Amino acid sequence: MEVSVEQEFSPDLEDNTSKAYKDFSSAFQHQMQKIFQAVQGFQGVEILSLRRGSIVVDYQVLLRLAFSPQLKSDFEKVKTVLKEELQSASQDGNSCQDNQTLCFKSDSIKVNNRTEKDLTPEAICHRTAPKGFEEHYFPLVELSRLRCVTNCTPGVNGTIDCNHGQCFLQKSGPTCRCFSTDTYWVSGPRCELAVDWRVLVGGLVGAVIVLLLLLVALSVWVARSRGRDKDRQSSGRSWTQDRKWFEIWDEDIAGTFSNTGFQDAPTATNENFHVALEKVDTNMMVHIQRPEVASSSPPSPSPSPSSSPSPSSSS
């Protein structure tokens, strides 16, 4: 609120540590206490500043009001009463006769409306929430009371179910903390997974055994591969030659084989080479000499002169 006091402004009033400022503040608060004592929820006044214009006092009235769904309208009523009570006191001609009493200008009384937005349930919860956690609190209106709750508050809409854990509010938001027992290991975003320790340990042991078997098999395979490489090197055959052998092998043709001795031999090719089979005389008689048999045994005795030679035959 704001009001002007019919009194000359002193430079000492600009210093809130001066005796003039403290005396004026004490007199102002004492008189306001008498004026507003009948106002609902009145607790006192607090001076914010003093400035020239006689003495213009900028101050705030402290109120304590019970919460209700109509809190905003109740507050508006209290503001109206405060202004009416101060105007009534300023218009009393006898109020300025006492030197200890401050005289107020009735036409200078003002009520500031800046606090209206602070009376919404959302604003109240944000003010009462711990610093850094304001955005996670929201209001829950219940008849004549206001509860400021979060998604960790049990029994409200949107409560997070942490199953086998507990919900904690952090600055980043609600989160579940899982608590394992002697029997179960609990995990998951909502602590929804509970695994028996015996099953977990058994599974880990099984995984280790499988891993060891894979490592052994890999070691054997590597050792055999190195042995085959050594065999190839000792036989003078390279892996490239073996690969070529497999490329020309055809399992579908019986008797197919490859001889590495012929792989390096050049292949004779002549595009002008042609066999003229049409000039071959197929009626020509072919004479084949009878093969002679040679024996390693001693030669037989020569025939006597009387013996006649055996006829020769030819075909």
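## A tour of the disulfides and the sheet

Both C162 and C176 are buried. Select them to begin. The model is predicted, so read every value here as computed from it.

**Stop 1: C162 and C176.** Show the side chains of this pair. A disulfide joins C162 to C176, with 2.0 Å from S to S. Look along the S-S bond: the torsion is about -80 degrees, so this disulfide is left-handed. Now colour by secondary structure. C162 sits in the loop between strand 5 and strand 6 (165-170), while C176 belongs to strand 7 (residues 173-178). The two cysteines are 14 residues apart, and their link joins distant parts of the chain.

**Stop 2: C178 and C191.** Stay on strand 7 and select C178. Its disulfide partner is C191, and their sulfur atoms lie 2.0 Å apart. The link of C178 and C191 is left-handed, with -95 degrees about the S-S bond. C191 is in the loop between strand 8 (184-187) and strand 9 (193-196). That puts C178 and C191 13 residues apart. Turn on the surface. Which of the two is buried, C178 or C191? C191 is buried, with a relative accessible area of 0%. C178 is partly exposed at 29%.

**Stop 3: C125 and C148.** Select this pair next. Their sulfur atoms are 2.2 Å apart and form a disulfide. The link of C125 and C148 is left-handed too, at -90 degrees about the S-S bond. C125 lies in helix 3 (residues 121-128) and C148 in strand 5 (residues 145-149), so the disulfide ties together parts 23 residues apart in sequence. C125 counts as buried, at 0% relative accessibility. C148 is partly exposed, with a relative accessible area of 27%. How many disulfides does a search of the whole structure find? The search finds 4.

**Stop 4: the open sheet.** Move to strand 1, strand 2 and strand 3. These 3 strands form an open sheet in the order 1-3-2, with antiparallel pairing. Strand 1 (2-5) and strand 2 (42-52) stand at the edges. Each has a single partner strand, so one side of each is left without a neighbour in the sheet. From one strand to the next, the twist averages 30 degrees.

Zoom in on strand 2 and strand 3 (residues 55-63). They pair in the antiparallel sense over 9 bridges. Select R51 and look across to strand 3: V56 stands opposite.

**Stop 5: helix 1.** Finish with residues 19-36, which make up helix 1. Helix 1 lies across strand 1, strand 2 and strand 3. Against strand 2, helix 1 runs at about 140 degrees.

Key: Residues numbered from 1 in each chain as written. Predicted model: local features only at pLDDT ≥ 70, side-chain atom pairs only at ≥ 80, totals over all residues. Heavy atoms only, no water. Disulfide = S-S within 2.5 Å. Helix = DSSP H or I, 4+ residues; strand = E, 2+ residues; numbered from the N terminus. Buried < 20%, exposed > 50% of the residue type's maximum accessible area, 1.4 Å probe, protein only. Pairing = 2+ DSSP bridges. Axes fitted to C-alpha atoms, helices over the stretch in contact; angles between N-to-C directions. Contact = heavy atoms within 4.5 Å.
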